[in-house]
There are 2 protein chains.
Amino acid sequence: MKLPRSVQGLVEQFEKLPGIGPKSAQRLAFYLIHVPDYVVEDFSQALLNLKRNTRLCTQCHNIDEAELCLVCSDATREQSVLCVVENPLDVIALERTNTFKGLYHVLHGVIAPLDNIGPEQLYLRDILDRLDGVTEVILATNPTMEGEATALYIEKMIREAGYGPEEIAISRIGHGLPVGADIEYADGVTLSRALEGRRNL
Amino acid sequence: MKLPRSVQGLVEQFEKLPGIGPKSAQRLAFYLIHVPDYVVEDFSQALLNLKRNTRLCTQCHNIDEAELCLVCSDATREQSVLCVVENPLDVIALERTNTFKGLYHVLHGVIAPLDNIGPEQLYLRDILDRLDGVTEVILATNPTMEGEATALYIEKMIREAGYGPEEIAISRIGHGLPVGADIEYADGVTLSRALEGRRNL
């Protein structure tokens with residue numbers, strides 16, 4: 001038995017979303033059949049608003065509704081520290097810690113040759129345009145193979161542009177055991193990173 | 001740090017859906033920021049189409065785009081057997097088995113006093129209007145407490161309307177071990193139902 005066309009249409013849209021399989025997609029579509037009309041209309045409108053109202057900050061490429069994002073337009077932030085992240089969600093996670101007061105640079109991805117994503121597909125080269133007055137670059141890409149490779153690429157790019165270690169310090173976020181973790185259950189790579197990253201007390 | 005308003009708006013819409021928590025909702029909204037415009041527009045349109053184009057079959061209350069659903073408008077189906085189910089998804093599951101050739105009646109829920117859902121909130125009383133020429137009613141509500149209670153309620157309703165067992169046979173779908181299950185791991189209630197429902201070979 002086939003689903004009615006308009007139900008099937010919505011099921012297919014839900015299926016395109018990451019982490020939503022055919023069964024969940026069907027459940028979501030049938031759920032929406034029973035909600036009041038205005039709920040579905042609001043949902044539909046929210047989708048359109050997303051594309052109409054959001055834009056990338058012209059400076060750091062974070063997502064916002066203005067030309068300069070909240071961080072970039074905040075003059076009280078340290079202009080000399082630049083934190084490079086993969087995604088806008090990373091900015092939100094870091095901001096939540098309330099410990100970083102510098103500026104961000106959002107790559108919108110990582111170098112991933114297997115997915116055909118090279119440096120040109122990312123907001124990567126224009127980091128060089130932002131290094132005026134910057135004394136530290138923190139590379140906060142994910143501790144994955146692609147994240148590490150991208151961090152190394154950026155470091156090399158900055159050094160080759162003529163900025164020596166005495167002008168701009170380049171650091172990588174710390175790797176090791178997450179707080180609350182159990183050494184007993186930690187994987188070997190994390191554990192050896194934790195040993196390498198040990199600090200004197 | 002707050003999300004841009006239009007992103008937050010979509011996150012809230014996703015959060016309203018069953019089984020989607022705050023983290024998933026955020027991930028879905030940020031995913032959609034990166035897809036081409038037309039994908040989001042199609043999604044938005046599919047939501048509107050759902051409400052505009054679907055309607056309940058006037059006879060069995062299944063969801064379809066026509067006044068009579070595919071099953072009800074199919075004259076080759078046995079008009080004498082009525083299968084009562086909770087939801088349109090149950091119809092799809094049963095149709096997939098290709099074993100049932102009668103008609104359906106979709107309640108759109110079960111009697112659930114704790115959720116303030118009584119018989120009046122369901123398409124329940126109008127089963128009585130469909131009993132002309134019907135010789136068997138199969139009660140295929142879920143094997144949950146509410147499903148069982150609803151099945152008993154319907155049986156009582158039909159009998160009290162004056163239809164005796166010789167006119168209309170009323171049956172409940174079989175309960176027991178699902179095919180492929182392991183007796184060792186079955187819960188006690190299912191196992192005792194499986195014993196009650198044993199069949200001579």
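Let's start out on a loop of this predicted model: N116(B) has a relative accessibility of 65%, so it counts as exposed, given that the bar for that label is over 50%. You'll find N116(B) in chain B, in the loop that runs between β4 (103–106) and β5 (136–139). Its backbone is worth a look too, since phi of N116(B) is positive, near 60°, even though the residue is not a glycine.

Chain A has an asparagine with a similar story. N98(A) also shows a positive phi, about 60°, without being a glycine. This one sits in the loop between α4 (88–97) and β4 (103–106) of chain A. With a relative accessible area of 56%, N98(A) is exposed.

Now swing over to a residue with the opposite label. T150(B) belongs to helix α5 of chain B, which covers residues 145–160. Its relative accessible area is 0%, so T150(B) is buried; the cut-off for that is under 20%. What does T150(B) touch, once neighbours within four places in sequence are left aside? The list reads L107(B), V110(B), I111(B), L124(B) and T141(B).

Next up is S6(B), which takes us to where chain B meets chain A. S6(B) is part of helix α1 of chain B, residues 5–15, and its relative accessible area of 6% makes it buried. Skipping residues up to four places away in sequence, S6(B) is in contact with N49(A), L50(A), N53(A), T54(A) and E65(A). With E65(A) there's something extra: the two side chains make a polar contact at 2.7 Å.

The two chains also meet through a pair of helices. Two packed helices are described by the angle between their axes and the distance between those axes. Here, helix α2 of chain A (residues 22–33) packs against helix α4 of chain B (residues 88–97) at about 140°, and the axes are 10 Å apart. That makes α2(A) and α4(B) oblique to each other, because only angles over 145 degrees count as roughly antiparallel. On the α2(A) side the contact involves Q26(A), R27(A) and F30(A), while α4(B) brings P88(B), L89(B), I92(B) and R96(B). Sorted by class, that contact has four nonpolar residues, two charged and one polar.

Finally, zoom out to chain A. Its domain assignment gives domain 1, spanning 5–53, and domain 2, spanning 77–196. The C-alpha centres of these two domains of chain A are 35 Å apart.

Note on methods. Residues are numbered from 1 along each chain as its sequence is written. Chains are lettered from A and ligands numbered from 1 in the order in which they are written. This is a predicted model: local features need pLDDT of at least 70, side-chain atom pairs count only at pLDDT 80 or more; totals for chains, interfaces and linings use all residues. Side-chain values use heavy atoms; hydrogens and water are left out. Domain bounds come from an automatic or database domain assignment. Helices (H or I, at least four residues) and strands (E, at least two) are DSSP runs, numbered from the N terminus. Buried means under 20% relative accessible area, exposed over 50%, partly exposed in between (1.4 Å probe, protein chains only). A polar contact is a pair of N or O atoms within 3.5 Å; within protein, one must be able to donate a hydrogen and the other to accept it, and residues adjacent in sequence count only if both atoms are side-chain atoms. Contact means heavy atoms within 4.5 Å. Axes are lines fitted to C-alpha atoms, for helices over the stretch in contact, and angles run from 0 to 180 degrees between N-to-C directions. Angles under 35 degrees count as roughly parallel, over 145 as roughly antiparallel, 65 to 115 as roughly perpendicular and the rest as oblique. Ala, Val, Leu, Ile, Met, Phe, Trp, Tyr, Cys and Pro count as nonpolar, Asp, Glu, Lys and Arg as charged, and the others, Gly among them, as polar.
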